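Open your viewer, switch to a cartoon view, and keep the selection box handy. We will go from stop to stop, with something to select at each one.

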Amino acid sequence: MQNSEFKKAVKAAVTTSNASQGLVMDPVKLIASDGSEIILDRRAAMVSGTIKSMLSGPGDFSERQQGEVRFPEISAKVLEKTVQYFYYKLRHTNSAGPLPEFKIEPEFALELLMAANYLDA
């Protein structure tokens with residue numbers, strides 16, 4: 001997915017979610033191993049059980065206070081694809097009809113599988 005397509009998908013997912021819930025974006029920052037940052041809506045981040053626990057669990061995680069989560073073992077490319085999946089899942093959960101394909105490049109499949117396992121997504 002190209003950067004412009006990613007931005008359109010994010011906007012569509014947030015708009016769909018906001019329209020049904022009457023909410024504005026609550027940003028969360030994810031930081032990849034190379035220091036690159038991805039800012040996404042909290043509802044999309046909550047697709048991940050791990051991130052959800054860090055941001056809203058009973059513990060006193062620093063991530064909860066700062067609204068940012070660092071992933072020193074996840075590359076920027078893998079983290080970006082993972083965030084795309086969060087928005088895909090957020091947009092298509094409970095939707096009627098066939099789901100559009102979520103494309104995964106074969107060269108990233110193993111890294112994505114490991115990231116998805118860690119992120120409980």
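## The whole chain

In the protein chain, 60% of the contacts with a separation of 6 or more are between residues 24 or more positions apart. Keep in mind that you are looking at a predicted model. Colour by secondary structure and you should find six helices and three strands, arranged along the sequence as α-β-β-α-α-α-β-α-α. Now colour by accessibility: 34% of the 121 residues count as buried.

## Stop one: Ala-44

Select residues 42-45, which form helix α2, and pick out Ala-44 within it. Is Ala-44 buried or exposed? Its relative accessible area is 0%, so Ala-44 is buried, the cut-off being under 20%.

Which residues touch Ala-44, once neighbours within four places in sequence are left aside? Show Phe-86, Tyr-87 and Leu-90 as sticks, and you have the contacts of Ala-44. Try the distance tool on Tyr-87: its C-alpha atom is 5.6 Å from that of Ala-44, although 43 residues separate the two along the chain.

## Stop two: the aromatic rings

Next, display the side chains of Phe and Tyr. The structure holds four aromatic pairs. Zoom in on Phe-71 and Tyr-118, whose ring centres are 6.3 Å apart. Their planes meet at 85°, and because an angle over 60 degrees counts as edge-to-face, that is the label for this pair.

Follow the backbone away from each ring to see how this pair links distant parts of the chain. Phe-71 sits in the loop between β3 (68-70) and α5 (76-92), while Tyr-118 belongs to helix α6, 47 residues apart from Phe-71. The two partners also differ in accessibility class: Phe-71 is buried at 3% relative accessible area, whereas Tyr-118 is partly exposed at 45%.

## Stop three: the second largest pocket

Stay with Phe-71 and Tyr-118 and turn on the pocket display, for both are among the residues lining the second largest pocket. This pocket holds about 190 Å³ of space. To see the full lining, select Arg-70, Phe-71, Pro-72, Glu-73, Ile-74, Ser-75, Val-78, Glu-111, Met-114, Ala-115 and Tyr-118.

Which helix gives the most to this lining? Highlight helix α6 (residues 109-119), which supplies four residues. Then colour the lining by residue type: seven are nonpolar, one is polar and three are charged.

## Stop four: a ring cluster and a lysine

Select Tyr-85, Tyr-88 and Phe-102, which ring pairs join into a cluster. Add Lys-81 to the view: its charged end sits over the ring of Phe-102, 4.9 Å from the ring centre.

Now add Lys-103, in the loop between α5 and α6. The C-alpha atoms of Lys-103 and Lys-81 are 9.6 Å apart, with their positions 22 residues apart in sequence. Lys-103 counts as exposed, at 56% relative accessibility.

## Last stop: two positive phi angles

Which residue in the loop between α5 and α6 should you select next? Go to Asn-94, which has a positive phi of about 65° although it is not a glycine. Asn-94 counts as exposed, with a relative accessibility of 79%.

Finish in the segment after α6, where you will find Asp-120. Asp-120 is not a glycine either, yet its phi is positive at about 55°. With 52% relative accessibility, Asp-120 counts as exposed.

Technical notes: Residues are numbered from 1 along each chain as its sequence is written. This is a predicted model: local features need pLDDT of at least 70, side-chain atom pairs count only at pLDDT 80 or more; totals for chains, interfaces and linings use all residues. Side-chain values use heavy atoms; hydrogens and water are left out. On a 1 Å grid over the protein atoms alone, a cavity is a set of points where a 1.4 Å probe fits but cannot get out, and a pocket is an open set with protein on both sides within 12 Å along at least five of seven lines; lining residues have an atom within 4 Å of a point. Grid points are joined across faces, edges and corners, and a volume is the space filled by probe spheres set on the points. Ala, Val, Leu, Ile, Met, Phe, Trp, Tyr, Cys and Pro count as nonpolar, Asp, Glu, Lys and Arg as charged, and the others, Gly among them, as polar. Buried means under 20% relative accessible area, exposed over 50%, partly exposed in between (1.4 Å probe, protein chains only). Contact means heavy atoms within 4.5 Å. Rings of Phe, Tyr and Trp (its six-membered ring) pair if their centres lie within 6.5 Å; planes under 30 degrees apart count as stacked, over 60 as edge-to-face and the rest as tilted. A charge sits over a ring if NZ of Lys or CZ of Arg is within 6 Å of the ring centre and within 35 degrees of the ring normal.
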